[in-house]
Amino acid sequence: MDTEYISSPLFTFIVGEERKKFPVHSQALADLSPTLDKLLDGQMLEANVRQADWSDVEVDTFVRLCEYAYRSDYTPPSCTDRTLQTEDFGIVPEPSKSLARAARPKKWNKRGITDLPSLESSESYSRKSAIDKQGQNLSTSGVSARHTLQYKKKNISSEQLDGEFVRLIGAIRFNQQVASNTQEMRFSPKGNTNSQEDFTPVFLSHVKLYILADKYGIFPLGKLVLQKLTDTLMQFSLYEGNVDNVTGLVRFAFNKTFRRQEGKDSLRHLATAYVASVLVQLGDSTAFQELLAESGDFVTDLWEIIWT
């Protein structure tokens with residue numbers, strides 16, 4: 001630990017709904033970003049009174065931020081056991097049916113991921129063939145065929161659904177390899193073996209820390225969060241009883257972030273790419289269909305991955 005940190009003046013954060021006071025060494029957090037430097041040691045009111053109101057930040061999230069400030073790392077929570085909550089959530093007691101690709105029940109695997117149907121229906125294809133052969137318009141209004149919407153034959157392949165998430169995994173592994181040259185990487189998240197292991201607290205702990213890092217411009221922390229969240233998603237197994245873990249992650253991520261004018265928000269992009277990669281497993285899920293019914297940016301982003 002840098003002695004400059006522990007010898008720097010204390011700064012008090014008032015955190016969470018319970019407004020708990022956390023005195024921290026100012027230099028440890030000020031060094032995380034220019035925004036925090038101004039807050040703690042600049043000309044802002046908070047710097048003058050040596051106190052900041054962060055009651056909109058949860059205590060656990062703030063503690064992880066401090067852990068990162070002192071250790072350049074943070075510890076996510078473990079999953080929780082929701083066995084006692086099965087009646088509340090309508091979860092069928094074990095043995096639960098896994099949605100893993102190698103052993104999905106039939107109702108979750110009507111077609112293999114490599115045999116996804118074309119987005120076109122047989123009827124639309126017949127009509128298109130008729131247009132090509134006869135040079136006629138779909139409309140009976142006599143509008144010229146050159147004004148009709150361009151027809152595209154489109155198939156969804158497993159490579160297309162998996163592709164973006166696989167690309168993100170590759171980029172993250174490369175970043176991890178680079179980081180390991182300067183610091184030891186020990187994060188090896190544990191996966192789940194049944195639907196009673198609730199990963200919602202795990203997923204949301206990462207998401208909330210990412211949102212805080214993004215707000216205050218702590219870009220290295222934001223990158224670390226995405227790495228850990230990706231590693232966790234790679235170890236996560238879908239069951240009929242835990243789809244809400246994923247929909248909860250997506251819903252929170254999109255509700256708490258905003259569409260960027262340029263580029264894509266990295267958290268939104270990761271969540272959407274993951275969902276696309278397991279779309280065949282999620283398709284029949286009521287929880288997932290309810291998420292789609294809410295519409296919004298997630299549906300647009302998901303469709304962009306599917307259609308591109």
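## Exercises on a predicted model

Thr61 is buried, with a relative accessible area of 5%. The structure shown is a predicted model, and the exercises below begin from this residue.

**Exercise 1.** Determine where Thr61 lies and explain why Thr61 is classed as buried.

*Solution.*
Step 1. Locate the residue: Thr61 belongs to helix 5.
Step 2. Apply the cut-off: a residue is buried if its relative accessible area is under 20%. Thr61 has 5%, and therefore counts as buried.
Step 3. Identify the contacts. With neighbours within four places in sequence left aside, Thr61 is in contact with Lys208, Leu209 and Leu212.

**Exercise 2.** Describe helix 5: what is its span, which residues are buried, and what follows the helix?

*Solution.*
Step 1. Helix 5 covers residues 59-71, which is 13 residues. From the first C-alpha to the last, helix 5 reaches 18 Å, close to the 18 Å expected at 1.5 Å a residue.
Step 2. The buried residues of helix 5 are Val59, Thr61, Phe62, Arg64, Leu65, Cys66, Glu67, Tyr68 and Ala69.
Step 3. Just after helix 5, Ser72 has a positive phi of about 60°.

**Exercise 3.** State which residues touch the most other members of the largest nonpolar core, and which domains contribute to this core.

*Solution.*
Step 1. The largest nonpolar core holds 69 residues, and those touching the most other members are Phe13, Leu29, Trp54, Phe62, Leu65, Ile218 and Leu221.
Step 2. At least three residues of this core come from each of domain 1 (1-75) and domain 2 (153-307).
Step 3. Take Ile218 as an example. Not counting residues up to four places away in sequence, Ile218 touches Leu32, Ser33, Leu36, Leu65, Tyr68 and Ala213.

**Exercise 4.** Establish how strand 1 is paired with strand 2 and with strand 3.

*Solution.*
Step 1. Strand 1 comprises residues 10-15, of which five of the six are buried.
Step 2. With strand 2 (residues 20-25), strand 1 forms six bridges in the antiparallel sense. Phe13 stands opposite Phe22 here.
Step 3. The hairpin of these two strands has four residues between the strands, and Gly16 takes a positive phi near 75°.
Step 4. Strand 1 and strand 3 (residues 51-54) run parallel, joined by four bridges. In this pairing, Ile14 is opposite Asp53.

**Exercise 5.** Explain why the buried residues of helix 15 are on the same side of the helix.

*Solution.*
Step 1. In helix 15 (residues 297-307), the buried residues are Phe298, Asp301, Leu302, Ile305 and Ile306.
Step 2. These residues cover an arc of only 140° around the axis, so they lie on the same side of helix 15.

Conventions. Residues are numbered from 1 along each chain as its sequence is written. This is a predicted model: local features need pLDDT of at least 70, side-chain atom pairs count only at pLDDT 80 or more; totals for chains, interfaces and linings use all residues. Side-chain values use heavy atoms; hydrogens and water are left out. A nonpolar core is a set of buried Ala, Val, Leu, Ile, Met, Phe, Trp, Tyr and Cys residues joined through side-chain atoms within 4.5 Å. Buried means under 20% relative accessible area, exposed over 50%, partly exposed in between (1.4 Å probe, protein chains only). Domain bounds come from an automatic or database domain assignment. Contact means heavy atoms within 4.5 Å. Two strands pair if DSSP finds at least two bridges between them. The expected span of a helix is 1.5 Å times one less than its number of residues. The arc is that of the directions from the helix axis to the C-beta atoms.
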